[in-house]
Amino acid sequence: MDRRDFVAGGAAAVMAARARAFPFVGQAGTAQRAGLDLNCHRFGVNYTPSRNWWFCWNDWDAGSIARDLDAIARLGADHLRIMLVWPFFQPNPKWVSGAHLDRLDQLLTLMGERKLDALVTVFTGQLSGWYFLPSFNRLSDGFYTTKLMWDAQELFVRELARVMKPHANVIGFDFGNELNTCWQAPTKDGDAWMARMFALMHEVLPDGLHVNGVDHNPWFKEETFSPQALAAARFPVMHCYPWWTGALKYGGAMDPPSVKLLGAMAALIRSYAGDARKPVWAGEFNTCIEALPEKGQAEWLEKAVTAAIEQGVSWFSYWDSHDVDRKFEFNPLEYTLGLLTNDGRVKEQGRVFTQLAETYRGKAVVYPTASLPEPPKDRTIAGTWDWINEWLGWKSRV
């Protein structure tokens, strides 16, 4: 879509359009499930609290969070992916913190009041390059295989479900934030654990939509979960970043390997699913190109989402809502990824997000009709990029 075709709209127009597209979001009963149509486009964000990042679970300020949610709703988001920091919530394998469960309950209530749906991550794990490990586990120490870990995981999921179930604006569980970046295992163990965890989550929240939001690696190479098992899920999720996937090795920020990455990864997932009409969720996406200015990020966002819509990507959850406060020590890439600044200013990419959401939300997904190639034969990052570039018809500069 050409930028001149976008129509500027205020917050009231955005909210009205969202209500028309998803009249049942945040309401009870069978109406809730209307917002879980995978064949209609949705637009949301990964929430990053402006005050004290996700350390806010331990320093709770509902007023600040409510202001954040008001700003996010004004952007036109209809859902948020929220991060539970696992060791904050479950300090012991046999005990989950009631105070933190209460704070989750408050957050879900605040979101519901603003007609924002919630995807709740569970085993986080790893977030923005920092590790948050429970006291009873170490990296790759039996996460997928030991009884101690499964019993603790099951307790946590059941306690979370007890809090989440009364909230009609809950989408479901995301297993964690890119589990494979924190706990790795042979794919046979990862796939077996994933099947068991899906079964548990469907038992405790049978009306929920549950996903495993891994990073790009399991789609590009052998790592923890097989791409066939991931692609067989009801709603496979992709995390698409030109910087982290290595797209910039094959072209510039506005070249096809970058701006068409979402569509290319959706095609890759569908090739593993053996289904050209498989719904795919862009659960995280951004450039993570620190040198790209605000206007460049906005241009990339418009081009990337438009190209993804043309390839039938269903839902979009941008990373992230707010810039991270520089008082915290993070990778420099993390500080400027928001649609909003830390003090709430709407950035250029925030305005583009609003226009995209206004234009496409609630519209039927149009799936591509072209036949898909077979999955990559060379299950390496380089081999997968060869497959992507061939699918794009792009002669890389490498």
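1. In this predicted model, a network of salt bridges links four residues, namely Arg-42, Asp-78, Asp-117 and Arg-361. Side chains of opposite charge can pair when their charged atoms come close.

2. One pair within the network is formed by Arg-42 and Asp-117, whose side chains meet in a salt bridge with an N to O distance of 3.2 Å. Because Arg-42 belongs to strand 1 (residues 42–46) while Asp-117 belongs to strand 3 (residues 117–121), this contact ties together parts of the chain that lie 75 residues apart in sequence. Arg-42 and Asp-117 are both buried.

3. Another pair is Asp-78 with Arg-361, and here the salt bridge between the side chains spans 2.6 Å, again taken from N to O. Asp-78 sits in the loop between helix 2 (62–75) and strand 2 (79–82), whereas Arg-361 sits in the loop between helix 13 (348–360) and helix 14 (381–392), so the pair joins parts that are 283 residues apart in sequence. As for their surroundings, Asp-78 is buried, and Arg-361 is buried as well.

4. A further salt bridge brings together the side chains of Glu-113 and Arg-114, at 3.4 Å from N to O. Which of these two partners is buried, and which is exposed? Glu-113 has a relative accessible area of 57% and is therefore exposed, since the cut-off for exposed is over 50%. Arg-114, at 16% relative accessibility, counts as buried, because buried means under 20%.

5. To place these pairs in context, a search of the whole structure finds 20 salt bridges, among them the Arg-42 and Asp-117 pair and the Asp-78 and Arg-361 pair.

Methods: Residues numbered from 1 in each chain as written. Predicted model: local features only at pLDDT ≥ 70, side-chain atom pairs only at ≥ 80, totals over all residues. Heavy atoms only, no water. Helix = DSSP H or I, 4+ residues; strand = E, 2+ residues; numbered from the N terminus. Buried < 20%, exposed > 50% of the residue type's maximum accessible area, 1.4 Å probe, protein only.
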